[in-house]
Amino acid sequence: MYGLIGAMSVEVEALMDQLTDRQEKRIGMDVFVSGKLFGKDAVLSVCGPGKINAALCTQSMILHYQPEWILNLGVAGAGDATVTIGDMVVATAAVQHDMDTSPIGDPVGLVSKINLVEIPCDAALREKLVKAASAVAGVKVHEGIIATGDQFINSGEKRSRIHQLFHAKAVEMEGGAVAHACYAHGVPCGVLRSISDQADGQSGMDYPTFTKLAASHSQQVVENLLRGV
Ligand code: ADE
């Protein structure tokens, strides 16, 4: 069983449409839809935006479905100027850019309890994701850090700060929480994002324009992944 989590329905709806032998289960406020996806056992959920929504959904998925791995897919803002709208980023690791206990001596981004700044993503899954993403025509694929926080980033200054601190290639609101919950349970994790905006002063306009296309690219990657392309 593979687990797939998107924050918004646009990020998983094309996959939901392909799911057969469907069974639905509600746990708390999360709905999990399991079945066959391109011949493989899979469970899908829309977790809602932000780190806590993502962590709750991921933990429930792990405890109720015991997935072999969990992939968080969807859209993101660019982490720097080398990444542009339409590109894809596969995470080497995820960070929580708004976690900050530096006034008491910790590095910015240190997540207490797991004691990590960079929460690792599974290397084998990442390799498969890069291959599957590279098969999507006309899309540039980057590998690097994905930075997560409970904020939509819409300023060049905020983006630069996150890039300077963490070398982030993409900014979004869930990957670091999905990776955190997976790490806590020893479940391999992947984060795949398609860029919908530059996370700058234009992002409020670009995001609604490009989200649908960007979201469809990351779902195409999942199809390639599960079909073994
Ligand atoms: N998801 C898509 N674009 C984003 C941005 N600019 N900031 C945070 N999350 C995003």
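**Exercise 1. State where His-167 lies, and decide whether it is buried or exposed.**

Solution. His-167 is found in the loop between helix H4 (156-166) and E9, where helices (H or I, at least four residues) and strands (E, at least two) are DSSP runs numbered from the N terminus. The structure is a predicted model, in which local features need pLDDT of at least 70 and side-chain atom pairs count only at pLDDT 80 or more, while totals for chains, interfaces and linings use all residues. Residues are numbered from 1 along each chain as its sequence is written, and side-chain values use heavy atoms, with hydrogens and water left out. The next step is the backbone: most residues other than glycine have a negative phi. His-167, although not a glycine, has a positive phi of about 60°. His-167 counts as exposed because its relative accessibility is 56%, given that buried means under 20% relative accessible area, exposed over 50% and partly exposed in between (1.4 Å probe, protein chains only).

**Exercise 2. Find the loop that holds Asn-115, and describe its phi.**

Solution. Asn-115 belongs to the loop between strand E6 (88-96) and strand E7 (119-120). Its phi is positive, at about 60°, although Asn-115 is not a glycine. With a relative accessible area of 56%, Asn-115 is exposed.

**Exercise 3. Place Lys-51 and list the residues that it touches.**

Solution. Lys-51 is in helix H2 (residues 51-65), and it is buried, with a relative accessible area of 14%. Not counting residues up to four places away in sequence, Lys-51 touches (heavy atoms within 4.5 Å) Gln-96, Asp-98, Thr-148, Gly-149, Asp-150, Met-173 and Ala-177.

**Exercise 4. Describe the surroundings of the ligand and its polar contacts.**

Solution. Begin with the shell, where a residue is near if one of its heavy atoms lies within 4 Å: among the 13 residues around the ligand, Gly-77, Phe-152, Ile-153, Glu-172 and Asp-197 come nearest. Next, consider pairs of N or O atoms within 3.5 Å. A polar backbone atom of Gly-77 is 3.2 Å from a nitrogen atom of the ligand, a backbone N or O atom of Ile-153 is 2.8 Å from a ligand nitrogen, and an N or O atom in the side chain of Asp-197 is 2.7 Å from a ligand nitrogen. The protein buries 96% of the 260 Å² that the ligand exposes when taken alone, with areas from the Shrake-Rupley method and a 1.4 Å probe. Finally, strand E5 (69-78), strand E9 (168-172) and strand E10 (189-197) each give two or more residues to the shell, and E5 gives the most, with three residues.

Key
Polar contact = N/O pair within 3.5 Å; in protein donor to acceptor, adjacent residues only side chain to side chain.
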